[in-house]
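Trainee: I am new to this structure and would like a close look at a single part before I try to follow the rest. Please choose one place to start, and lead me outward from there with care.

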Amino acid sequence: MNFAFSEEQEELRNIVRQFLEAKSPEAAVREQMETERGFDPDVWKQMAEQLGLQSLIIPEEFGGQGFGYVELVVVLEEMGKALLCAPYFSSVVLAANTLLQSGDEAAQKDLLPGIASGETIATLAFTEPNGKWDESGIELTATADGDGWKLNGTKSFVLDGHTANLVLVAGRTGKGVSLFAVDEGAAGLTRTALATMDQTRKQAKLDFADTPARLVGEEGKGWDVLSTVLDLAAVALAAEQVGGAQKCLDMAVEYAKVRVQFGRPIGSFQAIKHKCADMLLEVESAKSAAYYAGWCAAEMNDELPAVASLAKAYCSEAYFHASAENIQIHGGIGFTWEHPAHLYFKRAKSSELLFGDPTYHRELLAQRIGI
């Protein structure tokens, strides 16, 4: 079995990397962090029209390109490296995957083309103020109202929830967890941007008060869909974390070569050498985990649930450790606001907690492999 990327996949990586070097340098990241929207609409449009990134994993019948998850892993790794400020993860990884897994052809035909073209910014709202990532955390209620439904409750930590045109919401009906689509201008929907540690990824609180919604998929089967989507999201986030960890390693090694102390580069000191060697080992191991998980996601095989949790747990810790060591190797300048090291440190910490921390995923992994 060959896990090397194909020539086409490497070409995709190079194209995305060049695009992000031009459109998402540190100055652009800092600029978008300060805005409430959190992204540049012109760059978002170019991503859709010139590179077709939003349509990557959406089937051709719904206006997409029909590529697999391995290509998505390649793209997300580069986005993680560049700290791209854009609602890509929420729209493509969360919302599009939810629609694709829902089995609701009418909703797919209606909603996926907009996501594929970049015109629709979409997200998934399933976490609530209780902070739980599992099925028991979904308390928002949905009641039938004529041909439609009405939602009541609160969702927290919704990625790009304050700017999304379409929100897919997990709620409880008499039959269990179900999924609903809510438009941005729906009555009774109040959206509040949240202050976050990682300003490169915006989050929002959404309040629903008799908010009209339409059912997506089958009533009561929402958690079956969501559990698969969360596994796919964990794999996607692991790929993003690998990109960020690699960038931290590159920054640390580069600095260790040029920073001179006591008449020699600090990279020649054993303590710094060991730090860089440990980082390299962890980053390469994280790549192996993320790439294998990406292959499992592309095949949608039986290993996906276990491997998704394994990759999320390992890549979270590898990224956080790499980002922390990068600051240590940079010394005093690494702690300053002007240096980009803290941007990666904050992204690493928030990504570590997103969709469940490493402890949560190790427990999930143990359950899934029957320990």
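Mentor: Helices here are DSSP runs of H or I with at least four residues, strands are runs of E with at least two, and both are numbered from the N terminus. The model is a predicted one, and the part I would start from is Phe39, which has its place in the loop between helix H2 (26–33) and helix H3 (41–51). Is this loop residue buried or exposed? Buried means under 20% relative accessible area, and Phe39, with a relative accessible area of 5%, therefore counts as buried. When the neighbours within four places in sequence are left aside, Phe39 is in contact with Gln32, Trp44, Cys85, Ala86, Pro87, Ile121 and Thr163. To see how the chain comes back to this place, take Leu84: it is 45 residues away from Phe39 in sequence, yet the two C-alpha atoms are 8.5 Å apart in space.

From this loop we can move on to the nonpolar interior. The largest nonpolar core holds 97 residues, and the members that touch the most others are Tyr69, Tyr88, Phe89 and Phe355. Helix H7, which covers residues 222–258, supplies the largest share of this core, with 14 residues. A separate, second core has 24 residues, among them Leu83, Cys276, Ala341 and Ala348. Returning to Tyr69, and not counting residues up to four places away in sequence, we find that it touches Ile57, Val93, Asn97, Leu232, Ala233, Val235, Ala236, Gly294, Ala297 and Ala298.

Helix H7 itself deserves a pause. Of its 37 residues, 28 are buried, so this helix is largely enclosed by the rest of the structure. Its length can be checked as well: at 1.5 Å a residue, the 37 residues of H7 should span 54 Å, and the C-alpha atoms at its two ends are 54 Å apart, which agrees.

Strand S5 (residues 176–183) gives a similar account of burial, since 7 of its 8 residues are buried, so this strand too is largely enclosed by the rest of the structure. Which strands pair with S5? On one hand there is strand S4 (residues 166–173), which runs antiparallel to S5 and is joined to it by 8 bridges. S4 and S5 form a hairpin with 2 residues between them, and Thr173 stands opposite Gly176 in S5. On the other hand there is strand S7 (residues 203–216), which pairs with S5 in the antiparallel sense over 3 bridges, and here Ala181 has Arg214 of S7 as its bridge partner.

Next come the aromatic rings, of which a search of the whole structure finds 8 pairs. One of them is formed by Phe320 and Phe345, whose ring centres are 5.2 Å apart and whose planes make an angle of 40°, a tilted arrangement. Phe320 belongs to helix H9 (residues 304–330) and Phe345 to helix H10 (residues 341–353), so this pair ties together parts that are 25 residues apart in sequence. Phe320 counts as partly exposed at 24% relative accessibility, and Phe345 counts as partly exposed at 28%. The ring of Phe320 has a further partner, for the charged end of Lys349 sits over it at 4.7 Å from its centre. Elsewhere, Arg13 lies over the face of Phe5, 5.1 Å from the ring centre, and Phe89, Phe126, Trp133 and Phe355 form one aromatic cluster.

Helix H9 also carries Ser309, which is buried with a relative accessible area of 0%. Apart from its neighbours within four places in sequence, Ser309 is in contact with His361, Leu364, Leu365 and Arg368.

Two residues remain for a look at the backbone. Phe157, placed in strand S3 (residues 148–159), has a positive phi of about 55° although it is not a glycine, and its relative accessible area of 37% makes it partly exposed. Met300, in the loop between helix H8 (270–299) and H9, likewise is not a glycine and has a positive phi, of about 50°, and at 37% relative accessibility Met300 counts as partly exposed.

Conventions. Residues are numbered from 1 along each chain as its sequence is written. This is a predicted model: local features need pLDDT of at least 70, side-chain atom pairs count only at pLDDT 80 or more; totals for chains, interfaces and linings use all residues. Side-chain values use heavy atoms; hydrogens and water are left out. A nonpolar core is a set of buried Ala, Val, Leu, Ile, Met, Phe, Trp, Tyr and Cys residues joined through side-chain atoms within 4.5 Å. Buried means under 20% relative accessible area, exposed over 50%, partly exposed in between (1.4 Å probe, protein chains only). Contact means heavy atoms within 4.5 Å. Two strands pair if DSSP finds at least two bridges between them. The expected span of a helix is 1.5 Å times one less than its number of residues. Rings of Phe, Tyr and Trp (its six-membered ring) pair if their centres lie within 6.5 Å; planes under 30 degrees apart count as stacked, over 60 as edge-to-face and the rest as tilted. A charge sits over a ring if NZ of Lys or CZ of Arg is within 6 Å of the ring centre and within 35 degrees of the ring normal.
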